Amino acid sequence: MSLPKTIREYRSNGEGYQNLMLVESLLELPKSTEVLVKIHAVSLQYRDLLVASGHYRGIKPNVVVGSDMAGKIVIAGAEVKGWKAGDRVCANFSLDHLDGDTTAEIFATSLGGPVDGVLREYMNVPSHSLVHIPEHLSYEEGSTLPCAALTAYNALNGPKPIKGGDTVLILGTGGVSIFGLQIALASGAEVIVTSSSDEKLKVAQQIGAHHIINYTTTPNWDQEVLKITGGRGVDHTIEVGGPGTITKSSNATRMVGYIHVVGRVAEGDSGVSTLEITKKAHIYRGVLIGSVAQFNAMNRLFKARNIKPVIDKVFSFEQAIDAYAHLESQKHVGKVVIKVSKV
Ligand SMILES: NC(=O)c1ccc[n+]([C@@H]2O[C@H](COP(=O)([O-])OP(=O)(O)OC[C@H]3O[C@@H](n4cnc5c(N)ncnc54)[C@H](OP(=O)(O)O)[C@@H]3O)[C@@H](O)[C@H]2O)c1
């Protein structure tokens, strides 16, 4: 296969996604322990908006943006074992998070933040960070897995993994939330989804949500969750709202239930008092994406239950800024994807 001498990549100057720079750089060949990947698709996350506006910790200056890609290996370095040209792969979000707990050093290997990311035509990836794309998924679908899907999987499969019959509360219909819905359903749970929009809730219902609540027309959605669960509250809440939702999430979660603290998309100034925490003996667990081992475990679940990521819209590489704008508008359900390679 003939390789180009130069590649195109999007870099951020921290002044917002509208000012991302599409630049050319020389194609670098992989080190002996790396593979060169031709990138086919990239998916966006809420984090990408924060990185582009400089509002994210520890960003490399002029970083190549994006954390989640799917592509094909075109060259495997001389010392690489177990991977070959032609393999369809994703890279783990934190390149060095192989298994077990993350650390500050490992988190500093996260793509599209402290190290250059994936919104480019080719990149070199250490072979230890690679994961096969499940066979039933396209490149576009595979590109949605590394951050949003793995975060939802890690949340629901922590120290006390989800089990059949558990009740799960999902806030909103963005990337992490829709994967949370799909993983919870695949695990045999009963799922309640909230959203700002009846249209989006219809989509959640089509995916399989058992109960839906519009949090705009039902501002006391926590009380509604209690009604649905017969006053008990849910076993697991995937908390993507943060300051604007955490008090109600606490109300809606059962005694000794899990609140998986993932994000902060909802503005507000609410907090949870230590009295509340002890009164209900809640278990708050911060989630920080996941490891290669968890990624492989998740892919086995996706294969076994034929889970297909929900893609809202696919943009071309040249339309990357429009893709960011679409993500920012929060009109999407599931994932926003950029098709990098035309072939
Ligand atoms: N800790 C981690 O490892 C990790 C990993 C991934 C993401 N995150 C964080 O998780 C959050 C979600 O990320 P994402 O990429 O999934 O975002 P996203 O795809 O942009 O989805 C955002 C969605 O949040 C929902 N939302 C907004 N305000 C809400 C509210 N008040 N109550 C309930 N839902 C609300 C909206 O859905 P509706 O219109 O349906 O309400 C919106 O579409 C972000 O804060 C992100 O930084 C953390």
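Domain bounds here come from an automatic or database domain assignment, and the model itself is predicted.

**Exercise 1.** Work out how the protein is divided and what lies between domain 1 and domain 2.

*Solution.*
- Start with the split: domain 1 takes 6-144 + 309-339, while domain 2 takes 151-286.
- Next, the spacing: the C-alpha centres of domain 1 and domain 2 sit 28 Å apart.
- Now the contacts: 10 residues of domain 1 touch 11 residues of domain 2.
- Then the area: about 790 Å² gets buried between domain 1 and domain 2, with carbon and sulfur atoms giving 67% of that. On the domain 1 side, Tyr46, Val310 and Val333 lose the most, together 51% of what that side buries.
- Finally, the polar part: there are 0 salt bridges between domain 1 and domain 2, but 4 residue pairs are in polar contact.

**Exercise 2.** Take the salt bridge between lysine 308 and glutamate 141, and decide for each partner whether it is buried or partly exposed.

*Solution.*
- Check the distance: the closest N and O atoms are 3.9 Å apart, and the cut-off is 4 Å.
- Place the partners: lysine 308 is in the loop between α10 and β14, glutamate 141 is in helix α3, and 167 residues separate them.
- Apply the accessibility cut-off, where buried means under 20%. Glutamate 141, at 15%, is therefore buried. Lysine 308, at 39%, comes out partly exposed.

**Exercise 3.** Locate arginine 254 and aspartate 235, and say how they pair up.

*Solution.*
- Their side chains form a salt bridge at 2.5 Å, N to O.
- Arginine 254 belongs to strand β12 and aspartate 235 to strand β11, 19 residues apart.
- Both arginine 254 and aspartate 235 are buried.

Conventions: Residues numbered from 1 in each chain as written. Predicted model: local features only at pLDDT ≥ 70, side-chain atom pairs only at ≥ 80, totals over all residues. Heavy atoms only, no water. Contact = heavy atoms within 4.5 Å. Buried area = accessible area lost by both parts, 1.4 Å probe. Polar contact = N/O pair within 3.5 Å; in protein donor to acceptor, adjacent residues only side chain to side chain. Helix = DSSP H or I, 4+ residues; strand = E, 2+ residues; numbered from the N terminus. Buried < 20%, exposed > 50% of the residue type's maximum accessible area, 1.4 Å probe, protein only.
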